[in-house]
Amino acid sequence: MPKVDTEPHRTALSLIPKVHALLEMRESLLLADRYGRRAVTDAIRAELDGLRKAILANGHGGAIPTAQDLLSGVGRRLAEQGLSRLTRVINATGILLHTNMGRAPLAEEAVNAVVDVARGYSNLEIDLLTGKRGARGGDTEELLKKLTGAEAVLVVNNNAAGVLLALTTIAKGAKVLISRGELVEIGGSFRVPDVIAQSGAELVEVGTTNKTHLADYARAISGETRVILKVHPSNYRIVGFTSDVGVRELSGLAAEHELILMNDLGSGALVDLSRWGLPHEPTVGEALAAGADIVTVSGDKLLGGPQCGLILGKTELIRRMGANPLFRALRAGKMALSALAATLLLYLDEDHLAEKLPVLAMLAQSQESLLLRARRLRARLARIEGITAAIEDGEGFAGGGSLPEAVLPTKRVKVRVEGVSPDQAAGRLRRGSPPIVGMVADDSFVLDMRTVRDWEVAEIAAALARLSP
Ligand SMILES: *Cc1c(COP(=O)(O)O)cnc(C)c1O
C-alpha cells in the first residue's frame with residue numbers, strides 16, 4: 001500500500017487562523033455592527049471549514065490565504081445571506097441627492113435630534129405649555145410657516161404623498177388642468193398623469209410640449225375644472241423654442257374663475273441659492289407670494305432634511321387635507337419630524353446655513369477645496385504599492401431631480417490597482433466595510449470628491465490598500 005504523505009496537510013492546516021483571532025480584527029468588528037456578532041462568527045467558521053476542506057481535497061501545502069482575504073470571503077458570505085441592517089455608504093459618485101443612496105445627508109443638529117427622540121419619548125402630540133393634545137410634530141409647522149410665509153402646513157411621508165393627498169382632497173371627481181410640457185415622470189414610479197388618475201381627478205392637457213400660453217389654459221376651463229396644476233419639471237428641461245406660464249399669471253386666471261392653483265415644486269428650496277453662487281431655484285416662499293394656493297415639496301432634496309413631503313398654503317385647503325382619512329396613512333413619523341424641525345432651525349440663521357447644512361455645503365464647495373481633498377486622497381494612495389492615482393476635472397450634477405441645468409465642475413481621483421480590474425475593484429469596495437460606491441471609467445475606478453466627506457478620505461485609502469496585492 002502506498003504511503004500517503006500527510007505532512008503538507010498538517011502544516012497547512014496548522015497555519016489556518018483561529019476563529020477568535022479573526023473575530024477580533026477590525027473588519028470583523030465592522031461586519032458585526034452590520035450583521036450581528038453571531039452571524040459573523042458563523043460565517044468565519046464556514047469560511048475556515050471551506051478552507052480546511054480545500055486543503056484536504058487537493059493536498060496543497062502551499063499558500064494559506066491571508067486573514068484579510070479570509071475576511072473578505074466572510075464579508076461576501078454575509079452579503080449573500082442578505083440579512084444586514086441598512087448601512088452607511090461612502091458616496092463617491094458626486095451625485096449629491098442620490099435617491100438610491102438616501103438623498104440628503106442630515107446636519108449634525110438633525111442627527112442629534114433624531115437620536116434624542118428615537119431613544120425615548122417625545123412631545124410628538126403633546127402641547128407642553130398646556131399639557132393637552134397638541135399639533136403633531138411640535139413646532140415643526142410653526143417653523144415652516146415662519147420660513148415660507150405659508151398660512152398653514154402639513155407634513156407627510158414624502159412629496160409623492162403630498163401631491164396625492166392634495167389632489168385627492170381638492171380635485172377628486174373634478175378636472176385638473178396641466179401643461180403638456182409638465183406631464184413628467186420623476187424617478188421611475190412618480191408620473192404626474194398616474195398620480196392625477198390615482199387621486200380620482202381627471203387630467204386635462206393644455207398647450208403643447210414646448211409651448212403653453214395663458215390663453216391655452218383659459219380656453220380649457222369648463223364648469224368641471226377645479227384645479228390648475230403647475231409642476232416643476234425637475235430632472236428634465238425643454239430647451240429652444242419654448243414658453244410656459246408663470247405662477248403669477250396663472251394665479252390671476254385661477255382667481256378669475258375661482259380655481260385652486262397648485263404648484264408642485266419638488267426641489268424643496270427654502271432660500272435663494274444664488275447667494276451661494278448656485279442657480280436660482282424657485283423657493284416655496286416665492287411660489288406662495290406669486291399666488292399659488294398650494295405648494296408641495298420634498299424635504300430631502302434641496303431643503304437638505306429627512307425624507308418627507310411638505311404641503312403648504314391656504315388654511316382652509318390644508319385643513320381639509322388634514323381631515324382626509326388618507327392623511328393618517330401618509331403622515332410623517334417622529335424621527336422624520338424631529339430631523340425636519342432641527343433642519344428648519346438652521347434656516348433661521350441663513351448666514352451660517354452653508355456651514356451647517358451638508359447639502360448646501362457640498363453644493364457650494366469651491367474648486368480649491370475639492371482639489372485639496374483630491375490631493376489628500378492621492379497623497380495617501382501614493383504610499384500604497386501597486387496603486388496609481390491621478391486627479392482629473394469632471395462635471396457633476398445635484399441629482400434627485402434638483403438643479404437639472406446646473407453642471408457642477410468637480411475634481412475626481414482616478415485609481416488603478418495592479419492585478420485588479422476596475423470592475424473587480426468596484427465590486428469589492430461596494431461589499432466592503434464601509435461600502436464605497438464610485439464609478440468605473442477609462443479603465444479606472446473613479447471617485448468624485450464632491451460627495452466624499454473629509455473624514456472618509458482615510459477610510460477610502462484604507463479600503464484601496466486592502467485591494468492591492
Ligand atoms: C421629486 C419630486 C417628486 C417626488 O417627491 P418624493 O419626495 O421623491 O416623493 C414630485 N414632484 C416633483 C416636481 C419632484 O421633483
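## Around the ligand

A polar side-chain atom of R103 sits 2.9 Å from an oxygen atom of the ligand. That is a good place to begin exploring this model, which is a predicted one. Two other residues also bring polar atoms to the ligand. In A160, a polar backbone atom is 2.8 Å from a ligand oxygen, while S298 places a polar side-chain atom 2.5 Å from an oxygen atom of the ligand. How much of the ligand's accessible area does the protein cover? On its own the ligand has 380 Å² of accessible area, and the protein covers 93% of that.

Which elements give two or more residues to the shell around the ligand? They are α8 (159–171) and β8 (260–266). If you would like to find the shell in the structure, look for R103, N158, N159, A160, I186, F190, H232, S234, D264, G266, S298 and K301. Sorted by class, the shell has 6 polar, 3 nonpolar and 3 charged residues.

## Backbone surprises

Now let us follow the backbone. Most residues other than glycine have a negative phi, and most peptide bonds are trans. With that in mind, look again at R103: its phi is positive, near 50 degrees, although R103 is not a glycine. R103 belongs to the loop between β1 (90–91) and α6 (108–119).

E258 is another non-glycine residue with a positive phi, at about 55 degrees. You can find E258 in the loop between α11 (247–256) and β8. Is E258 buried or exposed? With a relative accessible area of 73%, E258 is exposed.

For an unusual peptide bond, turn to S433 and P434, which are joined by a cis bond with an omega of about -10 degrees. P434 lies in the loop between α19 (422–430) and β13 (436–437).

## One face of a helix

Our last stop is helix α7, which spans residues 140–148 and has T140, L143, L144 and T148 as its buried residues. Why do we say that they line one face of the helix? Looking down the axis of α7, you would see the buried residues fall within an arc of 110 degrees, so they line one face. A general rule helps here: an α-helix has 3.6 residues a turn, so residues three or four places apart point the same way.

What covers the buried residues of α7? The cover includes β2 (152–156), α12 (284–289), β10 (309–313) and α15 (334–347). Just after α7 comes G149, with a positive phi of about 80 degrees.

Notes. Residues numbered from 1 in each chain as written. Predicted model: local features only at pLDDT ≥ 70, side-chain atom pairs only at ≥ 80, totals over all residues. Heavy atoms only, no water. Near = heavy atom within 4 Å. Polar contact = N/O pair within 3.5 Å; in protein donor to acceptor, adjacent residues only side chain to side chain. Areas by Shrake-Rupley, 256 points an atom, 1.4 Å probe, with all protein chains shown as cover. Helix = DSSP H or I, 4+ residues; strand = E, 2+ residues; numbered from the N terminus. Nonpolar A, V, L, I, M, F, W, Y, C, P; charged D, E, K, R; others polar. Buried < 20%, exposed > 50% of the residue type's maximum accessible area, 1.4 Å probe, protein only. Arc of directions from axis to C-beta. Contact = heavy atoms within 4.5 Å.
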